[in-house]
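Some labels in a structure description deserve a challenge. Here they are put to the test, one by one.

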Amino acid sequence: MKFYNSHRRNHIIAISILLLVVGTMSFFSHLVVKYLTNVEQNKMKVWAEAYRVLWSEESSKDALELALPIIGDNKTIPIITVGFAGNIESNNIKLPKDNVDEFLQRKLEEFKNSEFSKPLEVSFSGAGEVFTCYIYYGPSTLLRRLSYFPLWQVSLITFFMALAYYFFILTKRSEENRVWVGLSKETAHQLGTPISSLLAWVDLMRSGITTPDMVDEMQKDITRLQKVSNRFSKIGSVPTLEVHNLCEILDDSVSYMSSRIPQRIKVVKHFDRNEFVPVLLSSELIEWVIENLIKNAVDAMRGSGEITISMKEEDKKAIIDFTDQGKGIPKNKYKAVFQPGYSSKKRGWGLGLSFAKRIIKDYHGGKIFVKKSEVKVGTTFRIILPKEVSVIG
């Protein structure tokens, strides 16, 4: 559940960041559009004054020389000039081949109804009379495009968000498939040891071979099967934690596994079962972690070698090291081995270490990591668990 909640939380954070980016970009785009609008409006006021100078009889030669470049400099802002006689002229407007007058009338109405600008009134003298004309104009092509820019931004980002969400769903489904495959492998992995042991006892009984401790050993395997069933029933639920002696839990798990692994593999214990190290834990889940690490060590050594299990205390922590003489793990795979579905072999590490990390970190507030590893030399996994200091002493 925490795994999916984490993904959901990350998804919400990503969407929030994208919305913040869209909002910020839209805000600055609005500021740019507003600034350019003011620039163009001021530019048209200057243009209107130059137009007045150009048509006024009272304008001097110097004034005309200043006005002409201003008139000719405007090549972007569309303009419609309505003369005193009602005649219409246009600048920077692409005219159609037919129905030009109708087109200009529609354009004029568009400019009149636009909130972009108010018409500029220009009066000038000529032939002893005063004439008045009106200048209507609209935003330039650049300004029009910029005004639509926030909409383009939202559309583009929405597209990429939808695309990212699509790939997120695909990734999630792929991850779910890997988890289910890994879970099935892990189930077989967990059941393998007690079932193989029981089959061996059955073969001995059929052969007429019996030993005094046979029934006890078979009972241990049946109990182990019950524990495996209980472990998988706890997946997705919060386990109940109780104070246990970690040394006893560790010793029981190691003793059970030691008698069920190849004889050429030696398990060396560097801890005292009778030493009291109180830890708040779920015994079934911690045993699961211990067994997984031992099984992985056995697989890594391919049937022969030595596994060293040691424990020490530091302040309020209990530290357990599992060291094997196996094939080792490359340094760039130290974290990858704990990811769901990761496996360096056909069976085993599909979910074992992933569950181990979840059990240690999420349920017990501890840590599990690769302390050190060297290819073809061996690996050391370390577990750190907090001690229950309230019962010490």
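The questions and answers below cover a predicted model.

Q: Why is P278 called buried?
A: Its relative accessibility is 1%. Buried means under 20%. The value of P278 falls below that cut-off, so the label holds.

Q: Where does P278 lie, and how far is its C-alpha atom from that of C247?
A: P278 lies in strand β7, residues 278-281. The two C-alpha atoms are separated by 8.6 Å. Along the chain, P278 and C247 are 31 residues apart.

Q: Why is I13 called partly exposed?
A: I13 has a relative accessible area of 43%. Buried would need under 20%, and exposed over 50%. The value for I13 lies in between, so I13 is partly exposed.

Q: What makes I13 eligible for a patch?
A: A patch residue needs over 30% relative accessible area and no salt bridge. I13 has 43%. Ile is among the nonpolar side chains that count. I13 is indeed listed in a nonpolar patch on the surface, with I17, V21, M25, Y148, F149, L151 and W152. Together they have about 760 Å² of accessible area.

Q: Which elements give two or more residues to the nonpolar patch?
A: They are α1 (2-55) and α5 (149-206). The largest share, four residues, comes from α1. I13 has its place in helix α1.

Q: Why is strand β3 described as largely enclosed?
A: Strand β3 covers residues 120-126. Five of its seven residues are buried, so the rest of the structure largely encloses it.

Q: How do you know that β3 and β4 pair?
A: Pairing takes at least two bridges. Seven bridges join β3 to β4 (residues 129-137), so the two strands count as paired. They run antiparallel. Among the bridge partners, L120 goes with I135 of β4. F124 goes with F131 of β4.

Q: What makes the sheet open, with edge strands?
A: Four strands form the open sheet, in the order β2-β1-β4-β3, with antiparallel pairing. The edge strands are β2 (88-91) and β3, and each pairs on one side only. On average, neighbouring strands are turned by 25 degrees against each other, direction ignored.

Q: Which helix lies across β1, β2 and β4?
A: Helix α3, residues 100-113, does. The helix runs at about 100 degrees to β1 (79-82).

How values were computed:
Residues are numbered from 1 along each chain as its sequence is written. This is a predicted model: local features need pLDDT of at least 70, side-chain atom pairs count only at pLDDT 80 or more; totals for chains, interfaces and linings use all residues. Side-chain values use heavy atoms; hydrogens and water are left out. Patches are made of residues with over 30% relative accessible area and no salt bridge: like charges are joined within 9 Å, nonpolar side chains (Val, Leu, Ile, Met, Phe, Trp, Tyr) within 5 Å. Accessible areas come from the Shrake-Rupley method with a 1.4 Å probe; for residues, only the protein chains shown count as cover. A salt bridge is a side-chain nitrogen of Lys or Arg within 4 Å of a carboxyl oxygen of Asp or Glu. Buried means under 20% relative accessible area, exposed over 50%, partly exposed in between (1.4 Å probe, protein chains only). Axes are lines fitted to C-alpha atoms, for helices over the stretch in contact, and angles run from 0 to 180 degrees between N-to-C directions. Contact means heavy atoms within 4.5 Å.
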